[in-house]
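Here are some short exercises on interfaces, each with a worked solution. Have your viewer ready and try each task before reading on.

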Amino acid sequence: MIEVISDSRCIRCDICVRVCPANVFAKDDQGLPIIARQDDCQTCFLCEIYCPTDALFVAEAADGPIGITEAEVEDRGLFGVYARGLGWSKGRANGAQFDTTHYLRVAQV
Amino acid sequence: MTTGQTTPANGVRFLEGDVLVVGGGPSAAWAAVSASEAGARVVLADKGYFGTSGATAPSNTGTWCVAPGEDRPQVVERRWQRTAGVADQRWMLRTVDQSYRGLLRLFEWGYPFPKDEKGDVYIANLRGPDYMRFMRTRVLAAGVTVLDHHPVLELLSDGETVTGAAGITRPDGTDWQVKAGAVVLATGGCAFFERTSGAAGLTGDGLLMAAEAGAALSGMEFTGKYTLAPYGTSLNKGLPFRWASFYDEQGNPQLDSKGQHLTNGIGGPSEKDIVKALIAGPVYARLDLAEGALQDWLRQGQPNVMQPYERRGINPFTDLFRVELKPEGTVRGTGGIRVSTHDCGTGIPGLYVAGDAASREDVAGGTSGGGAINSSWAIASGWWSGQGASAFSRRRGAPGVFRNHSAPIGQAGLRPRETVFAVDRKAIAEAVRAEVAPLSRNYFRSGPALAESLQRLDVLWNAVTRELGAEGPDRLKTREAASVLASARFSLTAALARTESRGMHRRTDHPGEAEGPVRRYALTGPDAIRVEVQSEADQLQEKAS
């Protein structure tokens, strides 16, 4: 579930507000995204990879927040971890051409 | 090409198009491109953001990809053997053909497919976030009017024909209507409020809307599919569990019925033993059968699946972690709106269906089409429904002719028969899940338990149609609750009607398949649900008479 929006990383582009399929975010008076409907989050991690500055963190627990802090996410190097895994960078798609799933399909039989 | 739009009158914004596509997953995308290429003015209205919505975007999905050079009839025949006798080889063959054309289109458009070990382009797999983002650009390039965060709440009808849909914008709840020559429902399956990634929007909206328009649902009993996930997470992806071994809480191996260590959690013979172990108590897993390069391929090829482990700081190849089986509803199940015509018409004039909103009995039968057949079906049925809807719209002429006679037809969750009470959506969700989620009720089914479940949900349905409603943006929540509840009642009704075990429908009181021709159960409703039994023998008889 979405838990952290880093004020220092966020550039107020509001892409997360737009792309969240579950409409979890809203904008506050300063134009900063806020987690307005946390319980609607489907833990899909897609807001993270669309964020151009890796300012968002979605914890893996799907049923409720675990209370992880920005400091811990920063310390453990978890900002942008899914984007790096995919090969996406700065909110731009990339890396599908290096997908290795076809090896798994051969091996699974 | 733009769609007509009139200025707001009494707060309702009106748009007009030849074809309205409802939904934002792959089948919606293909329907929009197809209708647009057929010359229609297309509006695509999605509940969320078209590009991240639906079950595909957060996933990495295989397709059922068979090149024309391979012996397709033989491949189809072999796959048909795994459909519990329910699928139709003619539909399977044309799905293989049409979806292959779609995959070639993707290559021509420049989708970044990987190469296999021989250096050939590998088109049989699609990475969800990339695929859906790519499809958004293609749909926009085709001139389609895309309405993000525009959930459809109900269909419009002139009494005979579906003439558009009405909905609200998120988050403010402003009303809008699209008058269209034809409507494609590409709203996805129903995940019964399961908190899995991609399922937030999958509340069976299309199933209820189609039923209200008079369309039949079919295959709704095939909802007994479950997929493994790390406990408490959203990642119901089976593939890595191909290389899993299973343990109890103390780390002792879980044994199967033959006393062997339980391994391979992707379905197949070990599945029932894993289910029994999970009913008995907590089950742990480790992906310890993935060695060497397999670990690298899993990390690089399945980065979404790796997220729970990354974030918990555990190594799934060496550490034990708790697992659960997530119910899949009709998403990896096969039930949905019955497909009545070759171009995915529903039998209701002006109403078409694509993707997981449709019954996939014809292509996946009584077993799951998740991960391969369903994604090919999304491409193929999306294409056909777009063609069918645009042709229907053309035959019908300008929307202006009939628009004045049209009215919205939604009931449950929108227009309660009596006073509106604050019916708690969470309570409805829990009540539904108590009947259709537990392994002990839904993986292993029995007539008496199904009848009890159905009775409880019928009582709830009565309360919902009497009292559930809301104003403004809250209407989305009440309507979703009604749609999930309706879908659950359809599923339980069909499960009760099929007095045999077949595919993912397992009746402990009727083990084994019934003799005679394979039956299908077509349901109409949504209030008093009527069951019509259909079999191939009936069809042959019809033709003869």
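**Exercise 1.** How many residue pairs are in polar contact across the interface of chain A and chain B?

**Solution.** Keep in mind that this is a predicted model. With both residues required to be at pLDDT 80 or more, the rule finds 33 such pairs between chain A and chain B. On chain A, the elements that give two or more residues to this side are helices H1 (15-19), H2 (46-50), H4 (81-86) and H5 (101-108), along with strand E4 (56-58). H5(A) gives the most, with 7 residues. By class, this side of chain A has 28 nonpolar, 12 polar and 11 charged residues.

**Exercise 2.** Describe the extent of the contact between the two chains, then check one salt bridge.

**Solution.** Start with the residues: 51 of chain A are in contact with 56 of chain B. Next comes area: the chains bury about 4500 Å² between them, with 53% of it on carbon and sulfur atoms. Then count the salt bridges between chain A and chain B, which number 5. For Lys426(B) and Asp39(A), the closest N and O atoms are 3.2 Å apart; the cut-off is 4 Å, so this pair qualifies.

**Exercise 3.** Now turn to chain B and examine how its two domains meet.

**Solution.** First, locate domain 1 (14-223 + 330-408) and domain 2 (226-327) of chain B. Their centres, taken over C-alpha atoms, lie 32 Å apart. Domain 1 of chain B puts 9 residues into the contact, and domain 2 of chain B puts in 10. About 850 Å² is buried between these domains, 36% of it on carbon and sulfur atoms. Finally, the count between them is 1 salt bridge; Lys326(B) and Glu194(B) form a salt bridge at 3.9 Å, N to O.

Key
Residues are numbered from 1 along each chain as its sequence is written. Chains are lettered from A and ligands numbered from 1 in the order in which they are written. This is a predicted model: local features need pLDDT of at least 70, side-chain atom pairs count only at pLDDT 80 or more; totals for chains, interfaces and linings use all residues. Side-chain values use heavy atoms; hydrogens and water are left out. Contact means heavy atoms within 4.5 Å. Buried area is the accessible area (1.4 Å probe) that two parts lose on being put together, summed over both. A salt bridge is a side-chain nitrogen of Lys or Arg within 4 Å of a carboxyl oxygen of Asp or Glu. A polar contact is a pair of N or O atoms within 3.5 Å; within protein, one must be able to donate a hydrogen and the other to accept it, and residues adjacent in sequence count only if both atoms are side-chain atoms. Helices (H or I, at least four residues) and strands (E, at least two) are DSSP runs, numbered from the N terminus. Ala, Val, Leu, Ile, Met, Phe, Trp, Tyr, Cys and Pro count as nonpolar, Asp, Glu, Lys and Arg as charged, and the others, Gly among them, as polar. Domain bounds come from an automatic or database domain assignment.
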